[in-house]
Amino acid sequence: MTLLLLLWLVSYYVGTLGTHTEIKRVAEEKVTLPCHHQLGLPEKDTLDIEWLLTDNEGKQNVVITYSSRHVYNNFSEEHKGRVAFASNFLAGDASLQIEPLKPSDEGRYTCKVKNSGRYVWSYVILKVLVRPSKPKCEMEGELTEGSDLTLQCESSSGTKPIVYYWQRIPEKEGEDEHLPPKSRIDYNNPGRVLLQNLTMSSSGLYQCTAGNEAGKESCVVRVTVQYVQSIGMVAGAVTGMVAGALLIFLLVWLLIRKKDKERYEEEDRPNEIREDAEAPKARLVKPSSSSSGSRSSRSGSSSTRSTANSASRSQRTLSTEAAPQPGLATHAYSLVRPEVRGLEPKKVHHATLTKAETTPSMIPNQSRAFQTV
């Protein structure tokens, strides 16, 4: 009696309160949510089936229904074309099929079957798993011997938790897959690993793998450690090349400037006019009876003779202007102007010069006129 009562209670709980199932599937795959009953065949005209979804925010929506011999599955654009009954729901299998899965399909599903006053409920908790997106590998630090280098990778999306794992990819036989001995993993940020005190043996390929229940994705980064001395030599060579190029450019520029200056001077030399040059002066030429006397007066070899000749010429000029004598030349001196500088002065006859010298001067010193040159 007790056993029969227990079986009745179990059947009542299953038939009335329904069963509970939890299913995990990966996004983009297909899933079938179970729901079975035995209420369809006797009175199929009164059979009603309804699937409801309660999302993680507590909002409930109708997914698909069967009523009055019609199936309705276009209640929302989110499920349109992706939901359907998996089998013959009139024969007792009202399972729901969803393909392809989306993260928004996650939630608690309720299957309600009603016929002739009898009800059956089924509950399915669906978890949609999303694979990690392809992680991005990055490096922080200097790739030189003795320095520290940080490797980091992270996936932008995926179902939590995501586990990260760094390893070395062997490129040659005998290389170890493990990280260098002085590597440290940041447990607060599993995607970060610190390579301390780099050596040449630290060079190689490093792979980061991000994984969860849905799958794995990975990325690869190459580490190339350089000698400190080689870096200095490269920097020195580059500096020397730059300095040499600048020196050559400077020499070429100076040569071009020098040639331009010489060409400019050659072009301007014929047209050069000196502004500080003195204007040509008129010369006063003394007539002479003989060539030797003329040459002597022009040369001016003695300052005393020049002074005496100058006084004598002044007296002769004044006496000639005051009392001209017949037969005498009206001009004892000839003025040579700049425009006729190249002409020879006129020679005065010796007799005329003798008469002029013998004529006494009767004009006072105050009334003497000077001839401006």
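**Cut-offs and conclusions**

Student: Why is Phe 89 called buried?

Tutor: Phe 89 has a relative accessible area of 14%. Buried means under 20%, exposed over 50%, partly exposed in between (1.4 Å probe, protein chains only). The value is under the cut-off, so Phe 89 is buried.

Student: What kind of model is this, and how are its residues numbered?

Tutor: It is a predicted model: local features need pLDDT of at least 70, side-chain atom pairs need 80 or more, and totals for chains, interfaces and linings use all residues. Numbering starts from 1 along each chain as its sequence is written, and side-chain values use heavy atoms, without hydrogens or water.

Student: How many aromatic pairs are there, and what makes Tyr 66 and Phe 89 a tilted one?

Tutor: The count is three. For Tyr 66 and Phe 89, the ring centres are 4.7 Å apart and the planes meet at 55 degrees. Rings of Phe, Tyr and Trp (its six-membered ring) pair with centres within 6.5 Å; planes under 30 degrees apart are stacked, over 60 edge-to-face, the rest tilted. At 55 degrees the pair falls in the rest, so it is tilted.

Student: Which parts does this pair tie together?

Tutor: Tyr 66 lies in strand β4 (residues 60–67), and Phe 89 in the loop between β6 (83–85) and β7 (96–98). These parts are 23 residues apart in sequence. Strands here are DSSP runs of E, at least two residues; helices are H or I, at least four; both are numbered from the N terminus.

Student: Why is the Phe 85 and Phe 89 pair also tilted?

Tutor: The centres are 4.8 Å apart and the planes 40 degrees. That angle is neither under 30 nor over 60, so the pair is tilted. Ring pairs link Tyr 66, Phe 85 and Phe 89 into a cluster. Tyr 66 is buried at 5%, and Phe 85 is buried at 14%.

Student: How do you know that Lys 114 and Asp 48 form a salt bridge?

Tutor: Their closest N and O atoms are 3.9 Å apart. The rule asks for a side-chain nitrogen of Lys or Arg within 4 Å of a carboxyl oxygen of Asp or Glu, so the pair counts. It links Lys 114 in strand β8 (residues 107–115) to Asp 48 in strand β3 (residues 48–54), 66 residues apart. Lys 114 at 34% is partly exposed, as is Asp 48 at 24%.

Student: How many salt bridges does the structure hold, and where does the one between Asp 105 and Arg 82 sit?

Tutor: There are eight. Asp 105 and Arg 82 meet at 2.8 Å, N to O. Asp 105 lies in the loop between β7 and β8, Arg 82 in the loop between β5 (70–72) and β6. Both residues are buried.

Student: Why is Lys 136 called exposed, and Glu 138 partly exposed?

Tutor: Lys 136 has 57%, which is over 50%, so it is exposed. Glu 138 has 35%, which lies in between, so it is partly exposed. Their side chains form a salt bridge at 3.7 Å, N to O.

Student: What makes Trp 253 eligible for the nonpolar patch?

Tutor: Patch residues need over 30% relative accessible area and no salt bridge; nonpolar side chains are joined within 5 Å, like charges within 9 Å. Trp 253 has 41%, so it clears the area cut-off. The patch covers about 630 Å², and Leu 247, Phe 249 and Leu 250 are among its other members. Trp 253 lies in helix α2 (residues 228–268).

Methods. Areas by Shrake-Rupley, 256 points an atom, 1.4 Å probe, with all protein chains shown as cover.
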